[in-house]
Amino acid sequence: MKKLLLIAAVILLAAFPQKALACTGITLRTTGGDAVPARTIEWAGNDLESKYAVVPRGHLHRSFVPGGKKEGMSFAARYGYVGLAVEQPEFVVEGMNEAGLSAGLFYFPNYGKYEDYNEDYKESTVSDLQLVSWMLASFKTIDEVKKAMRGIHVVTIDPRGSTVHWRITEESGRQVVLEIVGRKARFYENSLGVLTNAPDFKWHVTNLNNYVNLTAGPTADRMMGDFTLKAFGGGSGLHGIPGDMTPPSRFVRAAFFQLTAPKQPTGEKAVMQAFHILNNFDIPTGIQFAEGQDVPDIPSATQWTVATDIASRRIYYRTMHNSTIRCLDLKKMDFRKLAYQWAPLDAKKRQDVEMVRIK
């Protein structure tokens, strides 16, 4: 069964360039300065069969290598963690550990370049789809991650697949983006807190200069000869913000929506605000396919949305099947004693509807 799942994941990766590659990440701050990273994950081809994995201290991991063999680096979990995975529980794409380190991968097609797999280094090789697990299992701070990256080799399981880049946030609120370009790992400080997909992170930040005219609130009335020009409605200061679903446009929208969001007093309120902001990035399945193509029978290309309250050690999520927000509380988990386990994000793939009863 596991082999079949891995084959499905490899097929999925190989198909990514033809489908949705539309992860959108924001990071809100409470009035006390606590960071709340949040993001979406998209895939329009089929249901990713997403699940959460609960990983105790001491759990032994073994990385896959190209060809689907589990012959890469072994590493035991120094910290317990909870991760959201796609296709199979080893492929954690977003999560947080008990020490307050949060990490997630975002697809990065056509711009990243890993090193080629060398069997001589298999004991220090980690697949890109397991790098989040390696970080969460092993480290508390970003500096620890940066130092340890010098001693490992990151490869893809299937060379036809998309490369990825990573967002890492520590409890202090510091956040970085990791990209492997030209076979070299590069870290970028991300005080903005936003991340989407290709091109590279520095390009996206530079591109924000094209929108220096945008501002929150209304635009002032303006005279044009004898005519008074007035805005049609609120928020006219953002008239001209790009509205399409490409990564550059989503990066710009995410940056401005995040910038204009009022800071919340608690992590839980910031989490709820993050879900509302990320509503703007839900992608309908149909727009990913040309006219006449068969559209998969899934509710949305945005398969799930997650927000992480690092200070409270809570991960909140909702899915395309069920908009009810669910919570995984790491503080209530004894990572010394609990067993390694995983379960589907949705116990039932159906949205409950509450009937309003009129007396």
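Student: How is a strand defined here, and in which strand is the place of C327?

Tutor: A strand is a DSSP run of E with at least two residues, and strands are numbered from the N terminus. In this predicted model, residues 326-329 make up one such run, and the place of C327 is within that run. The strand asked for is β18.

Student: Is C327 buried, partly exposed or exposed?

Tutor: Buried means under 20% relative accessible area and exposed means over 50%, with partly exposed in between. The relative accessibility of C327 is 38%, so this residue counts as partly exposed.

Student: Which residues is C327 in contact with, leaving aside its neighbours within four places in sequence?

Tutor: One residue to consider is R314, which is 13 residues from C327 along the chain, while the C-alpha atoms of the two are separated by 6.6 Å. With neighbours within four places in sequence left aside, the contacts of C327 are R314, I315 and Y316.

Student: Which strands are the edge strands of the open sheet of eight strands?

Tutor: The order of the open sheet is β13-β12-β11-β8-β7-β6-β3-β19, with antiparallel pairing. An edge strand pairs on one side only, and this holds for β13 (184-189) and β19 (341-344). The edge strands are therefore β13 and β19.

Student: Which residue of β13 stands opposite L178?

Tutor: Strands β12 and β13 pair in the antiparallel sense over six bridges. They form a hairpin with two residues between them, and G182 in the turn has a positive phi of about 60 degrees. Opposite L178 stands F187.

Student: How many of the seven residues of β12 are buried?

Tutor: On one side of β12, Q175, V177, E179 and V181 are buried, and on the other side V176, L178 and I180 are buried, so both faces are covered. The strand is largely enclosed by the rest of the structure, because the number of its residues that are buried is seven of the seven.

Student: Which residues have the most contacts inside the largest nonpolar core?

Tutor: In soluble globular proteins, nonpolar side chains tend to be buried together. The largest nonpolar core of this model has 87 residues. W134, leaving aside its neighbours within four places in sequence, is in contact with residues including M73, F75 and V126. Those with the most contacts inside the core are L131, W134, M135 and W166.

How values were computed
Residues numbered from 1 in each chain as written. Predicted model: local features only at pLDDT ≥ 70, side-chain atom pairs only at ≥ 80, totals over all residues. Heavy atoms only, no water. Helix = DSSP H or I, 4+ residues; strand = E, 2+ residues; numbered from the N terminus. Core = buried A, V, L, I, M, F, W, Y, C linked by side-chain atoms within 4.5 Å. Buried < 20%, exposed > 50% of the residue type's maximum accessible area, 1.4 Å probe, protein only. Contact = heavy atoms within 4.5 Å.
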